Amino acid sequence: MQNTILRMNKLFFKIFTLTIGFSFLYFPILTLIAYSFNDNKRVMVWKGFSFRWYKELFQNEQILEAFYTSIKIASLSATFATIMGVMIGFSLTRISKIPARPFFIFLSSSPLVMPEIILGLSLLLFFISSNHIIGFPSSKGQLTVLISHITFSVAFVAVIIQSRLSSYDKNIEEAAQDLGTIPNMIFWKITAPVILPSIISGWLLAFTLSLDDLVVASFTTGPGANTLPIVVFSKVRLGLSPEVNALSAIIMLIVVLAAISVYFINRSHIKK
Amino acid sequence: MIKLNSNLMIHQYFCLMIRYLKKQNFWFVFTPYFWLVLFFFIPLALIFKISISVSEWGMPPYRDLFSLSEEGFKIDSTLSNYLFIFSDPFYIRSYLNSLSLAFTSTILCLVIGYPIAFYVAKSHANIRIILLVLLIIPFWTSFLLRVYAWKVLLQGSGIINSILIHLGFITEPISMLHNHYAVILGVVYTYLPFMILPLYGYLVKFDLNLIDAANDLGAKPVNTFLKVILPLSLPGIIAGSMLVFIPVVGEFVIPEMLGGSDKLYFGKIIWDEFFVNRDWPVASALAMSGIVILVFPIVIFQLMYAKYNFKNE
(Lines give C-alpha, C1' and ligand atoms only; values in the text may rest on other atoms or scores of the structure.)
Protein backbone atom coordinates (compact mmCIF):
# COMPACT_ATOMS: atom_id res chain seq x y z
CA MET A 1 0.00 0.00 0.00
CA GLN A 2 2.67 2.42 1.04
CA ASN A 3 4.66 1.39 -2.00
CA THR A 4 1.76 2.21 -4.31
CA ILE A 5 1.40 5.65 -2.75
CA LEU A 6 5.12 6.23 -3.18
CA ARG A 7 4.94 5.20 -6.81
CA MET A 8 1.89 7.43 -7.43
CA ASN A 9 3.78 10.28 -5.83
CA LYS A 10 6.74 9.69 -8.11
CA LEU A 11 4.52 9.46 -11.18
CA PHE A 12 2.74 12.64 -10.18
CA PHE A 13 6.05 14.44 -9.69
CA LYS A 14 7.29 13.23 -13.07
CA ILE A 15 4.18 14.35 -14.95
CA PHE A 16 4.17 17.63 -13.07
CA THR A 17 7.82 18.36 -13.96
CA LEU A 18 7.39 17.44 -17.61
CA THR A 19 4.19 19.48 -17.93
CA ILE A 20 5.75 22.58 -16.41
CA GLY A 21 8.95 22.11 -18.43
CA PHE A 22 7.25 21.67 -21.77
CA SER A 23 4.77 24.48 -21.09
CA PHE A 24 7.70 26.79 -20.46
CA LEU A 25 9.25 25.73 -23.78
CA TYR A 26 6.04 26.03 -25.80
CA PHE A 27 3.98 28.81 -24.19
CA PRO A 28 5.83 31.75 -25.84
CA ILE A 29 5.89 30.17 -29.30
CA LEU A 30 2.22 29.20 -29.19
CA THR A 31 1.19 32.67 -28.02
CA LEU A 32 3.09 34.15 -30.92
CA ILE A 33 1.27 31.86 -33.35
CA ALA A 34 -2.12 32.71 -31.81
CA TYR A 35 -1.49 36.43 -32.17
CA SER A 36 -0.39 36.03 -35.80
CA PHE A 37 -4.10 35.67 -36.62
CA ASN A 38 -4.96 38.91 -34.86
CA ASP A 39 -6.51 41.50 -37.15
CA ASN A 40 -4.94 44.48 -35.42
CA LYS A 41 -1.87 46.53 -36.10
CA ARG A 42 -1.21 46.70 -32.37
CA VAL A 43 0.13 43.22 -31.83
CA MET A 44 -1.22 42.50 -28.37
CA VAL A 45 -4.74 43.93 -28.63
CA TRP A 46 -7.13 41.32 -29.95
CA LYS A 47 -9.55 42.53 -32.60
CA GLY A 48 -10.58 39.47 -34.57
CA PHE A 49 -9.40 36.47 -36.52
CA SER A 50 -7.84 37.10 -39.92
CA PHE A 51 -5.14 36.03 -42.33
CA ARG A 52 -4.27 39.67 -42.98
CA TRP A 53 -0.63 39.47 -41.83
CA TYR A 54 0.02 36.35 -43.85
CA LYS A 55 -1.16 38.17 -46.96
CA GLU A 56 1.06 41.15 -46.14
CA LEU A 57 3.97 38.85 -45.41
CA PHE A 58 3.73 37.27 -48.85
CA GLN A 59 3.64 40.70 -50.44
CA ASN A 60 6.69 41.96 -48.57
CA GLU A 61 9.44 41.93 -51.19
CA GLN A 62 12.20 42.60 -48.66
CA ILE A 63 11.33 39.57 -46.51
CA LEU A 64 10.79 37.30 -49.52
CA GLU A 65 14.13 38.24 -51.03
CA ALA A 66 15.91 37.75 -47.70
CA PHE A 67 14.21 34.40 -47.31
CA TYR A 68 15.46 33.31 -50.72
CA THR A 69 19.01 34.51 -49.94
CA SER A 70 18.98 32.70 -46.61
CA ILE A 71 17.79 29.41 -48.11
CA LYS A 72 20.44 29.63 -50.82
CA ILE A 73 23.29 30.35 -48.40
CA ALA A 74 22.05 27.78 -45.87
CA SER A 75 21.80 24.92 -48.37
CA LEU A 76 25.20 25.65 -49.92
CA SER A 77 26.82 26.09 -46.52
CA ALA A 78 25.25 22.89 -45.19
CA THR A 79 26.45 20.92 -48.20
CA PHE A 80 30.07 22.10 -48.00
CA ALA A 81 30.12 21.79 -44.21
CA THR A 82 28.79 18.23 -44.42
CA ILE A 83 31.43 17.19 -46.96
CA MET A 84 34.21 18.60 -44.80
CA GLY A 85 32.63 17.32 -41.59
CA VAL A 86 32.66 13.79 -43.01
CA MET A 87 36.34 14.23 -43.94
CA ILE A 88 37.16 15.34 -40.39
CA GLY A 89 35.12 12.54 -38.87
CA PHE A 90 37.05 10.07 -40.98
CA SER A 91 40.50 11.40 -40.33
CA LEU A 92 39.88 11.45 -36.56
CA THR A 93 38.33 8.01 -36.20
CA ARG A 94 39.68 5.86 -39.02
CA ILE A 95 43.31 6.88 -39.29
CA SER A 96 44.82 5.80 -36.03
CA LYS A 97 48.37 6.78 -36.95
CA ILE A 98 47.60 10.40 -37.81
CA PRO A 99 50.48 12.39 -36.30
CA ALA A 100 49.65 14.93 -33.60
CA ARG A 101 46.08 13.69 -33.28
CA PRO A 102 45.17 15.84 -30.22
CA PHE A 103 46.15 18.87 -32.25
CA PHE A 104 43.69 17.96 -35.00
CA ILE A 105 40.98 17.27 -32.46
CA PHE A 106 41.63 20.71 -31.01
CA LEU A 107 41.60 22.27 -34.47
CA SER A 108 38.29 20.75 -35.45
CA SER A 109 36.40 21.40 -32.23
CA SER A 110 37.54 24.97 -31.51
CA PRO A 111 34.79 26.72 -33.50
CA LEU A 112 32.23 24.95 -31.27
CA VAL A 113 33.22 27.09 -28.33
CA MET A 114 33.95 30.47 -29.86
CA PRO A 115 31.39 33.20 -29.11
CA GLU A 116 29.72 34.33 -32.33
CA ILE A 117 30.59 37.96 -31.83
CA ILE A 118 34.34 37.21 -31.74
CA LEU A 119 34.05 34.88 -34.73
CA GLY A 120 32.13 37.51 -36.71
CA LEU A 121 34.56 40.31 -35.87
CA SER A 122 37.63 38.24 -36.72
CA LEU A 123 36.20 37.04 -40.04
CA LEU A 124 35.19 40.54 -41.06
CA LEU A 125 38.64 41.93 -40.32
CA PHE A 126 40.16 38.98 -42.14
CA PHE A 127 38.05 39.59 -45.26
CA ILE A 128 38.88 43.27 -45.24
CA SER A 129 42.61 42.72 -45.03
CA SER A 130 42.67 39.87 -47.53
CA ASN A 131 40.80 42.14 -49.90
CA HIS A 132 43.52 44.72 -49.23
CA ILE A 133 46.38 42.31 -49.87
CA ILE A 134 45.25 39.92 -52.61
CA GLY A 135 42.02 41.54 -53.79
CA PHE A 136 39.87 38.60 -52.71
CA PRO A 137 37.03 38.64 -51.75
CA SER A 138 36.36 41.64 -53.99
CA SER A 139 33.46 42.80 -51.85
CA LYS A 140 31.46 41.68 -48.87
CA GLY A 141 28.31 39.83 -49.80
CA GLN A 142 26.79 36.40 -50.12
CA LEU A 143 30.18 34.75 -50.68
CA THR A 144 31.68 36.07 -47.44
CA VAL A 145 28.57 35.07 -45.46
CA LEU A 146 28.74 31.62 -47.05
CA ILE A 147 32.42 31.16 -46.13
CA SER A 148 31.75 32.22 -42.54
CA HIS A 149 28.78 29.90 -42.18
CA ILE A 150 30.73 26.94 -43.53
CA THR A 151 33.51 27.69 -41.04
CA PHE A 152 31.37 27.48 -37.93
CA SER A 153 29.12 24.65 -39.21
CA VAL A 154 31.96 22.23 -40.04
CA ALA A 155 32.74 21.58 -36.38
CA PHE A 156 29.12 20.71 -35.54
CA VAL A 157 28.79 18.28 -38.45
CA ALA A 158 32.15 16.71 -37.56
CA VAL A 159 30.94 15.99 -34.00
CA ILE A 160 27.87 14.15 -35.28
CA ILE A 161 29.78 12.15 -37.91
CA GLN A 162 32.67 11.15 -35.70
CA SER A 163 30.44 10.01 -32.84
CA ARG A 164 28.62 7.76 -35.30
CA LEU A 165 31.85 6.49 -36.83
CA SER A 166 33.45 5.70 -33.51
CA SER A 167 30.37 3.87 -32.23
CA TYR A 168 29.84 1.40 -35.07
CA ASP A 169 31.74 -1.79 -35.59
CA LYS A 170 34.97 -1.20 -37.48
CA ASN A 171 35.26 -4.92 -38.15
CA ILE A 172 32.75 -4.73 -41.00
CA GLU A 173 35.13 -2.46 -42.88
CA GLU A 174 38.09 -4.65 -42.05
CA ALA A 175 36.21 -7.76 -43.17
CA ALA A 176 35.48 -6.10 -46.51
CA GLN A 177 39.14 -5.19 -46.79
CA ASP A 178 40.16 -8.78 -46.10
CA LEU A 179 37.80 -9.96 -48.80
CA GLY A 180 39.68 -7.75 -51.23
CA THR A 181 37.30 -4.79 -51.61
CA ILE A 182 39.11 -1.66 -52.78
CA PRO A 183 39.01 1.22 -50.24
CA ASN A 184 36.77 3.46 -52.35
CA MET A 185 34.21 0.70 -52.68
CA ILE A 186 34.32 0.10 -48.94
CA PHE A 187 33.39 3.72 -48.39
CA TRP A 188 30.52 3.86 -50.86
CA LYS A 189 29.11 0.38 -50.23
CA ILE A 190 29.55 0.01 -46.48
CA THR A 191 30.49 3.13 -44.57
CA ALA A 192 28.34 5.65 -46.41
CA PRO A 193 25.05 3.74 -46.01
CA VAL A 194 25.76 3.14 -42.32
CA ILE A 195 26.48 6.78 -41.54
CA LEU A 196 23.79 8.16 -43.89
CA PRO A 197 21.36 9.09 -41.07
CA SER A 198 24.17 11.02 -39.34
CA ILE A 199 25.06 12.73 -42.61
CA ILE A 200 21.43 13.79 -43.01
CA SER A 201 21.14 15.06 -39.45
CA GLY A 202 24.51 16.82 -39.81
CA TRP A 203 23.29 18.53 -42.96
CA LEU A 204 20.05 19.57 -41.26
CA LEU A 205 21.93 20.95 -38.27
CA ALA A 206 24.30 22.93 -40.50
CA PHE A 207 21.30 24.19 -42.47
CA THR A 208 19.48 25.43 -39.35
CA LEU A 209 22.67 26.95 -37.91
CA SER A 210 23.14 28.98 -41.06
CA LEU A 211 19.46 29.91 -41.35
CA ASP A 212 19.45 31.01 -37.73
CA ASP A 213 22.64 33.02 -37.61
CA LEU A 214 22.33 36.75 -37.07
CA VAL A 215 25.57 37.93 -35.47
CA VAL A 216 28.18 36.44 -37.82
CA ALA A 217 26.06 37.32 -40.87
CA SER A 218 25.65 40.92 -39.68
CA PHE A 219 29.42 41.28 -39.54
CA THR A 220 30.27 39.62 -42.84
CA THR A 221 27.35 40.71 -45.00
CA GLY A 222 27.44 43.39 -47.65
CA PRO A 223 25.11 45.03 -50.13
CA GLY A 224 22.56 42.63 -51.62
CA ALA A 225 23.15 39.90 -49.07
CA ASN A 226 20.62 40.58 -46.35
CA THR A 227 19.69 37.26 -44.82
CA LEU A 228 16.32 36.64 -43.17
CA PRO A 229 17.52 37.07 -39.56
CA ILE A 230 19.10 40.42 -40.46
CA VAL A 231 15.83 41.71 -41.92
CA VAL A 232 13.74 40.30 -39.06
CA PHE A 233 16.11 41.79 -36.48
CA SER A 234 15.92 45.22 -38.09
CA LYS A 235 12.11 44.97 -37.89
CA VAL A 236 11.81 43.85 -34.26
CA ARG A 237 14.83 45.53 -32.67
CA LEU A 238 12.82 48.49 -31.53
CA GLY A 239 9.24 47.29 -31.62
CA LEU A 240 6.82 44.55 -32.55
CA SER A 241 5.79 43.54 -36.02
CA PRO A 242 2.64 41.52 -36.81
CA GLU A 243 4.25 40.28 -40.03
CA VAL A 244 7.02 38.68 -37.99
CA ASN A 245 4.34 36.88 -35.95
CA ALA A 246 3.01 35.37 -39.16
CA LEU A 247 6.53 34.46 -40.21
CA SER A 248 7.12 32.69 -36.87
CA ALA A 249 3.97 30.64 -37.36
CA ILE A 250 5.09 29.55 -40.83
CA ILE A 251 8.60 28.64 -39.63
CA MET A 252 7.07 26.72 -36.73
CA LEU A 253 4.86 24.80 -39.16
CA ILE A 254 7.86 23.88 -41.32
CA VAL A 255 9.89 22.76 -38.28
CA VAL A 256 7.03 20.64 -36.94
CA LEU A 257 6.54 18.99 -40.35
CA ALA A 258 10.29 18.32 -40.57
CA ALA A 259 10.35 16.90 -37.04
CA ILE A 260 7.40 14.61 -37.77
CA SER A 261 9.00 13.31 -40.96
CA VAL A 262 12.33 12.73 -39.18
CA TYR A 263 10.40 10.87 -36.49
CA PHE A 264 8.75 8.58 -39.03
CA ILE A 265 11.97 8.04 -40.99
CA ASN A 266 13.74 7.06 -37.75
CA ARG A 267 10.93 4.77 -36.73
CA SER A 268 10.88 2.89 -40.03
CA HIS A 269 14.68 2.75 -39.85
CA ILE A 270 14.59 1.20 -36.39
CA LYS A 271 11.87 -1.27 -37.36
CA LYS A 272 13.94 -2.49 -40.29
CA MET B 1 71.23 18.31 -25.16
CA ILE B 2 67.71 19.59 -24.97
CA LYS B 3 68.10 21.21 -28.32
CA LEU B 4 69.37 18.01 -29.86
CA ASN B 5 66.48 16.16 -28.38
CA SER B 6 63.92 18.53 -29.75
CA ASN B 7 65.60 18.45 -33.17
CA LEU B 8 65.40 14.72 -33.11
CA MET B 9 61.75 14.91 -32.24
CA ILE B 10 61.03 17.30 -35.04
CA HIS B 11 62.92 15.05 -37.42
CA GLN B 12 60.96 12.04 -36.29
CA TYR B 13 57.77 13.94 -36.62
CA PHE B 14 58.52 14.91 -40.20
CA CYS B 15 59.50 11.35 -41.12
CA LEU B 16 56.20 10.14 -39.71
CA MET B 17 54.35 12.87 -41.55
CA ILE B 18 55.96 12.07 -44.89
CA ARG B 19 55.45 8.34 -44.57
CA TYR B 20 51.89 8.99 -43.59
CA LEU B 21 51.21 11.36 -46.46
CA LYS B 22 52.42 8.81 -48.98
CA LYS B 23 49.98 6.28 -47.68
CA GLN B 24 46.85 8.35 -47.25
CA ASN B 25 44.91 10.53 -49.54
CA PHE B 26 46.41 13.87 -48.60
CA TRP B 27 43.68 16.21 -49.78
CA PHE B 28 40.89 14.11 -48.40
CA VAL B 29 42.39 14.34 -44.94
CA PHE B 30 43.71 17.87 -44.86
CA THR B 31 41.28 20.05 -46.84
CA PRO B 32 38.99 20.70 -43.85
CA TYR B 33 41.94 21.50 -41.59
CA PHE B 34 43.37 23.92 -44.14
CA TRP B 35 39.96 25.54 -44.27
CA LEU B 36 39.78 25.90 -40.49
CA VAL B 37 43.31 27.27 -40.26
CA LEU B 38 42.62 29.77 -43.04
CA PHE B 39 39.18 30.96 -41.92
CA PHE B 40 39.30 30.40 -38.19
CA PHE B 41 42.83 30.57 -36.78
CA ILE B 42 44.34 33.15 -39.12
CA PRO B 43 41.43 35.56 -38.47
CA LEU B 44 41.97 35.08 -34.72
CA ALA B 45 45.69 35.79 -35.16
CA LEU B 46 44.71 38.85 -37.18
CA ILE B 47 42.56 40.35 -34.43
CA PHE B 48 45.43 39.76 -32.05
CA LYS B 49 47.66 41.70 -34.43
CA ILE B 50 45.17 44.54 -34.77
CA SER B 51 44.63 44.63 -31.00
CA ILE B 52 48.27 45.62 -30.49
CA SER B 53 48.30 48.14 -33.32
CA VAL B 54 48.06 51.88 -32.95
CA SER B 55 44.71 53.50 -33.78
CA GLU B 56 44.76 55.99 -36.59
CA TRP B 57 42.36 57.98 -38.71
CA GLY B 58 41.91 56.47 -42.14
CA MET B 59 41.10 53.22 -43.82
CA PRO B 60 41.90 50.78 -42.30
CA PRO B 61 41.73 52.76 -39.02
CA TYR B 62 44.98 51.43 -37.58
CA ARG B 63 48.68 51.72 -38.35
CA ASP B 64 50.46 48.72 -39.83
CA LEU B 65 52.24 46.66 -37.22
CA PHE B 66 55.30 46.12 -39.38
CA SER B 67 56.55 48.80 -41.66
CA LEU B 68 59.46 48.89 -44.05
CA SER B 69 60.62 52.41 -44.74
CA GLU B 70 63.88 54.21 -45.47
CA GLU B 71 64.77 54.06 -41.80
CA GLY B 72 64.53 50.29 -41.96
CA PHE B 73 62.24 47.67 -40.53
CA LYS B 74 60.07 48.95 -37.72
CA ILE B 75 57.58 47.31 -35.42
CA ASP B 76 54.86 49.67 -34.32
CA SER B 77 53.08 47.90 -31.52
CA THR B 78 51.35 49.08 -28.40
CA LEU B 79 49.58 47.74 -25.39
CA SER B 80 47.64 50.95 -24.97
CA ASN B 81 44.38 49.38 -26.23
CA TYR B 82 44.50 46.81 -23.46
CA LEU B 83 45.52 49.42 -20.88
CA PHE B 84 42.65 51.59 -22.05
CA ILE B 85 40.14 48.76 -21.57
CA PHE B 86 41.38 47.72 -18.17
CA SER B 87 41.67 51.23 -16.80
CA ASP B 88 38.08 52.05 -17.67
CA PRO B 89 35.52 50.65 -15.19
CA PHE B 90 32.92 50.82 -17.96
CA TYR B 91 34.55 47.91 -19.82
CA ILE B 92 35.40 45.94 -16.70
CA ARG B 93 31.81 46.24 -15.51
CA SER B 94 30.52 44.96 -18.85
CA TYR B 95 32.80 41.91 -18.57
CA LEU B 96 31.58 41.24 -15.05
CA ASN B 97 27.95 41.70 -16.12
CA SER B 98 28.40 39.18 -18.90
CA LEU B 99 30.14 36.68 -16.65
CA SER B 100 27.48 36.96 -13.97
CA LEU B 101 24.73 36.66 -16.59
CA ALA B 102 26.39 33.53 -18.01
CA PHE B 103 26.89 32.07 -14.55
CA THR B 104 23.33 32.73 -13.34
CA SER B 105 21.72 31.43 -16.48
CA THR B 106 23.91 28.31 -16.59
CA ILE B 107 22.84 27.43 -13.04
CA LEU B 108 19.19 28.13 -13.83
CA CYS B 109 19.35 26.07 -17.04
CA LEU B 110 20.89 23.21 -15.07
CA VAL B 111 18.28 23.37 -12.30
CA ILE B 112 15.38 23.53 -14.77
CA GLY B 113 16.90 21.26 -17.40
CA TYR B 114 18.12 18.41 -15.23
CA PRO B 115 14.71 17.12 -14.04
CA ILE B 116 13.30 17.43 -17.56
CA ALA B 117 16.22 15.54 -19.11
CA PHE B 118 16.06 12.96 -16.34
CA TYR B 119 12.37 12.22 -16.72
CA VAL B 120 12.50 12.22 -20.50
CA ALA B 121 15.40 9.76 -20.39
CA LYS B 122 13.56 7.58 -17.87
CA SER B 123 10.32 7.44 -19.87
CA HIS B 124 9.11 4.40 -21.72
CA ALA B 125 10.83 4.08 -25.14
CA ASN B 126 7.76 5.00 -27.20
CA ILE B 127 6.95 8.11 -25.20
CA ARG B 128 10.62 9.01 -24.99
CA ILE B 129 10.95 9.41 -28.76
CA ILE B 130 7.93 11.74 -28.84
CA LEU B 131 9.22 13.79 -25.90
CA LEU B 132 12.63 14.00 -27.56
CA VAL B 133 11.06 15.34 -30.76
CA LEU B 134 9.14 17.85 -28.61
CA LEU B 135 12.46 18.94 -27.07
CA ILE B 136 14.14 19.32 -30.44
CA ILE B 137 11.36 21.38 -32.08
CA PRO B 138 12.12 24.58 -30.10
CA PHE B 139 15.81 23.93 -30.71
CA TRP B 140 15.19 24.06 -34.46
CA THR B 141 12.85 27.04 -34.35
CA SER B 142 14.60 30.29 -35.07
CA PHE B 143 16.56 31.60 -32.11
CA LEU B 144 15.69 35.19 -32.96
CA LEU B 145 11.97 34.45 -33.09
CA ARG B 146 12.05 32.73 -29.71
CA VAL B 147 13.62 35.83 -28.18
CA TYR B 148 11.06 37.97 -29.99
CA ALA B 149 8.27 35.82 -28.50
CA TRP B 150 9.32 36.95 -25.02
CA LYS B 151 9.39 40.52 -26.15
CA VAL B 152 5.75 40.13 -27.17
CA LEU B 153 4.83 38.37 -23.91
CA LEU B 154 6.49 40.85 -21.58
CA GLN B 155 5.04 43.99 -23.21
CA GLY B 156 3.12 46.40 -21.04
CA SER B 157 -0.03 45.36 -22.92
CA GLY B 158 1.25 41.80 -23.15
CA ILE B 159 -0.46 38.62 -22.09
CA ILE B 160 1.37 38.21 -18.76
CA ASN B 161 0.37 41.67 -17.62
CA SER B 162 -3.23 41.05 -18.74
CA ILE B 163 -3.39 37.81 -16.77
CA LEU B 164 -1.95 39.44 -13.66
CA ILE B 165 -4.46 42.29 -13.90
CA HIS B 166 -7.34 39.86 -14.39
CA LEU B 167 -6.28 37.87 -11.36
CA GLY B 168 -6.11 41.07 -9.38
CA PHE B 169 -2.45 40.89 -8.38
CA ILE B 170 -1.75 44.25 -9.94
CA THR B 171 -3.93 47.12 -11.05
CA GLU B 172 -1.66 48.66 -13.65
CA PRO B 173 0.67 46.96 -16.12
CA ILE B 174 4.17 46.68 -14.72
CA SER B 175 7.12 47.08 -17.02
CA MET B 176 8.83 43.74 -17.30
CA LEU B 177 10.86 44.46 -20.39
CA HIS B 178 14.19 46.26 -20.71
CA ASN B 179 15.86 45.10 -17.54
CA HIS B 180 18.37 42.42 -16.74
CA TYR B 181 15.78 39.99 -15.35
CA ALA B 182 14.16 39.89 -18.78
CA VAL B 183 17.62 39.17 -20.24
CA ILE B 184 18.15 36.25 -17.83
CA LEU B 185 14.71 34.89 -18.68
CA GLY B 186 15.39 35.15 -22.41
CA VAL B 187 18.80 33.49 -22.07
CA VAL B 188 17.46 30.62 -19.96
CA TYR B 189 14.61 30.09 -22.38
CA THR B 190 16.70 30.04 -25.55
CA TYR B 191 19.65 28.09 -24.17
CA LEU B 192 17.66 25.47 -22.24
CA PRO B 193 17.77 22.91 -25.10
CA PHE B 194 21.58 23.23 -25.20
CA MET B 195 21.60 22.05 -21.58
CA ILE B 196 18.89 19.40 -21.86
CA LEU B 197 20.16 17.60 -24.97
CA PRO B 198 23.69 16.70 -23.71
CA LEU B 199 22.25 15.79 -20.29
CA TYR B 200 19.72 13.56 -21.98
CA GLY B 201 22.52 11.96 -24.01
CA TYR B 202 24.25 10.79 -20.84
CA LEU B 203 21.16 10.03 -18.77
CA VAL B 204 19.63 7.83 -21.44
CA LYS B 205 22.65 5.53 -21.32
CA PHE B 206 22.26 5.33 -17.55
CA ASP B 207 21.20 1.92 -16.21
CA LEU B 208 18.03 2.31 -14.13
CA ASN B 209 18.83 -0.88 -12.22
CA LEU B 210 21.53 1.08 -10.44
CA ILE B 211 18.84 3.17 -8.73
CA ASP B 212 17.00 0.04 -7.61
CA ALA B 213 20.28 -1.46 -6.43
CA ALA B 214 21.02 1.63 -4.35
CA ASN B 215 17.47 1.57 -2.92
CA ASP B 216 17.72 -2.09 -2.07
CA LEU B 217 20.97 -1.46 -0.28
CA GLY B 218 19.13 1.07 1.86
CA ALA B 219 20.32 4.37 0.38
CA LYS B 220 18.01 7.33 0.87
CA PRO B 221 16.77 8.93 -2.38
CA VAL B 222 18.97 11.97 -1.72
CA ASN B 223 22.05 9.79 -1.39
CA THR B 224 21.13 7.74 -4.43
CA PHE B 225 20.96 10.94 -6.40
CA LEU B 226 24.15 12.47 -5.02
CA LYS B 227 26.31 9.36 -5.06
CA VAL B 228 25.01 7.37 -8.03
CA ILE B 229 23.07 9.44 -10.53
CA LEU B 230 24.93 12.71 -10.30
CA PRO B 231 28.50 11.37 -10.76
CA LEU B 232 27.42 9.26 -13.72
CA SER B 233 25.81 12.21 -15.46
CA LEU B 234 28.66 14.61 -14.65
CA PRO B 235 30.07 14.63 -18.21
CA GLY B 236 26.64 15.69 -19.46
CA ILE B 237 26.42 18.41 -16.82
CA ILE B 238 29.83 19.80 -17.77
CA ALA B 239 29.18 19.60 -21.52
CA GLY B 240 25.77 21.28 -21.17
CA SER B 241 27.11 23.97 -18.84
CA MET B 242 29.94 24.86 -21.22
CA LEU B 243 27.57 24.94 -24.19
CA VAL B 244 25.45 27.49 -22.28
CA PHE B 245 28.16 29.45 -20.47
CA ILE B 246 30.56 30.14 -23.35
CA PRO B 247 28.13 31.52 -25.94
CA VAL B 248 26.18 33.49 -23.34
CA VAL B 249 29.31 35.46 -22.39
CA GLY B 250 29.39 36.82 -25.94
CA GLU B 251 25.61 37.05 -26.35
CA PHE B 252 24.46 40.11 -28.24
CA VAL B 253 20.92 39.56 -29.51
CA ILE B 254 19.11 38.85 -26.23
CA PRO B 255 20.41 41.88 -24.26
CA GLU B 256 19.76 44.03 -27.31
CA MET B 257 16.13 42.91 -27.60
CA LEU B 258 15.05 42.34 -24.01
CA GLY B 259 17.60 44.30 -22.03
CA GLY B 260 17.65 47.91 -21.06
CA SER B 261 20.29 50.39 -20.09
CA ASP B 262 20.59 49.13 -16.50
CA LYS B 263 23.32 46.66 -17.44
CA LEU B 264 25.60 46.59 -20.44
CA TYR B 265 27.09 43.38 -21.72
CA PHE B 266 30.34 42.41 -23.39
CA GLY B 267 28.81 41.45 -26.77
CA LYS B 268 27.03 44.77 -27.11
CA ILE B 269 30.22 46.68 -26.21
CA ILE B 270 32.23 44.94 -28.97
CA TRP B 271 29.41 45.55 -31.43
CA ASP B 272 29.24 49.28 -30.58
CA GLU B 273 33.01 49.71 -30.49
CA PHE B 274 33.22 48.29 -33.98
CA PHE B 275 30.08 49.57 -35.73
CA VAL B 276 29.47 52.82 -33.86
CA ASN B 277 32.89 54.05 -32.72
CA ARG B 278 34.73 52.33 -35.58
CA ASP B 279 37.68 51.75 -33.30
CA TRP B 280 39.02 48.48 -34.67
CA PRO B 281 42.03 48.12 -32.35
CA VAL B 282 39.91 48.56 -29.22
CA ALA B 283 37.21 46.19 -30.54
CA SER B 284 39.92 43.61 -31.29
CA ALA B 285 41.49 44.06 -27.86
CA LEU B 286 38.05 43.53 -26.29
CA ALA B 287 37.57 40.35 -28.31
CA MET B 288 41.03 39.09 -27.34
CA SER B 289 40.39 39.73 -23.65
CA GLY B 290 37.09 37.91 -24.07
CA ILE B 291 38.98 34.88 -25.35
CA VAL B 292 41.44 35.12 -22.45
CA ILE B 293 38.57 35.16 -19.96
CA LEU B 294 36.98 32.19 -21.70
CA VAL B 295 40.19 30.16 -21.98
CA PHE B 296 39.50 28.26 -18.79
CA PRO B 297 35.99 27.02 -19.69
CA ILE B 298 37.08 26.40 -23.29
CA VAL B 299 39.99 24.21 -22.16
CA ILE B 300 37.69 22.24 -19.86
CA PHE B 301 35.30 21.71 -22.75
CA GLN B 302 38.11 20.63 -25.09
CA LEU B 303 39.54 18.15 -22.59
CA MET B 304 36.11 16.69 -21.91
CA TYR B 305 35.40 16.53 -25.60
CA ALA B 306 38.62 14.69 -26.39
CA LYS B 307 38.22 12.38 -23.40
CA TYR B 308 34.64 11.29 -23.95
CA ASN B 309 34.48 11.24 -27.70
CA PHE B 310 37.74 9.48 -28.38
CA LYS B 311 38.12 7.20 -25.42
CA ASN B 312 37.63 4.04 -27.52
CA GLU B 313 40.64 4.69 -29.68
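Hi everyone, let me start with one pair of residues: A:Arg237 forms a salt bridge with B:Glu256, and their closest N and O atoms are 2.8 Å apart. Keep in mind, please, that what you have in front of you is a predicted model.

How many salt bridges does the rule find across the interface of chain A and chain B? Just one, and you have now met both partners, A:Arg237 and B:Glu256.

So much for that pair; now the interface itself. People often describe an interface by the accessible area that is lost when its parts come together. Here, chain A and chain B bury about 8700 Å² between them, and carbon and sulfur atoms give 80% of that area. On the residue side, chain A puts 90 residues into the contact, while chain B puts in 88.

Let's turn to chain A by itself. What are its elements? Chain A has 11 helices and zero strands, so to speak an α run from the N terminus on. Of its 272 residues, 52% count as buried. The accessible surface of chain A is about 13400 Å², with 68% belonging to carbon and sulfur atoms. And if you take the contacts in chain A with a separation of 6 or more, 69% of them come from residues 24 or more positions apart.

Last stop, chain B, and helix α2, residues 26-51. Its 26 residues should span 38 Å, because each residue counts for 1.5 Å, and the end C-alpha atoms are 35 Å apart, which agrees. While you have that helix on screen, look at B:Val37, where α2(B) bends by about 35°.

Thanks, and I'm happy to take questions!

Notes
Residues are numbered from 1 along each chain as its sequence is written. Chains are lettered from A and ligands numbered from 1 in the order in which they are written. This is a predicted model: local features need pLDDT of at least 70, side-chain atom pairs count only at pLDDT 80 or more; totals for chains, interfaces and linings use all residues. Side-chain values use heavy atoms; hydrogens and water are left out. Helices (H or I, at least four residues) and strands (E, at least two) are DSSP runs, numbered from the N terminus. The expected span of a helix is 1.5 Å times one less than its number of residues. The bend at a residue is the angle between axes fitted to the seven residues ending there and the seven starting there. Buried means under 20% relative accessible area, exposed over 50%, partly exposed in between (1.4 Å probe, protein chains only). Contact means heavy atoms within 4.5 Å. Accessible areas come from the Shrake-Rupley method with a 1.4 Å probe; for residues, only the protein chains shown count as cover. Buried area is the accessible area (1.4 Å probe) that two parts lose on being put together, summed over both. A salt bridge is a side-chain nitrogen of Lys or Arg within 4 Å of a carboxyl oxygen of Asp or Glu.
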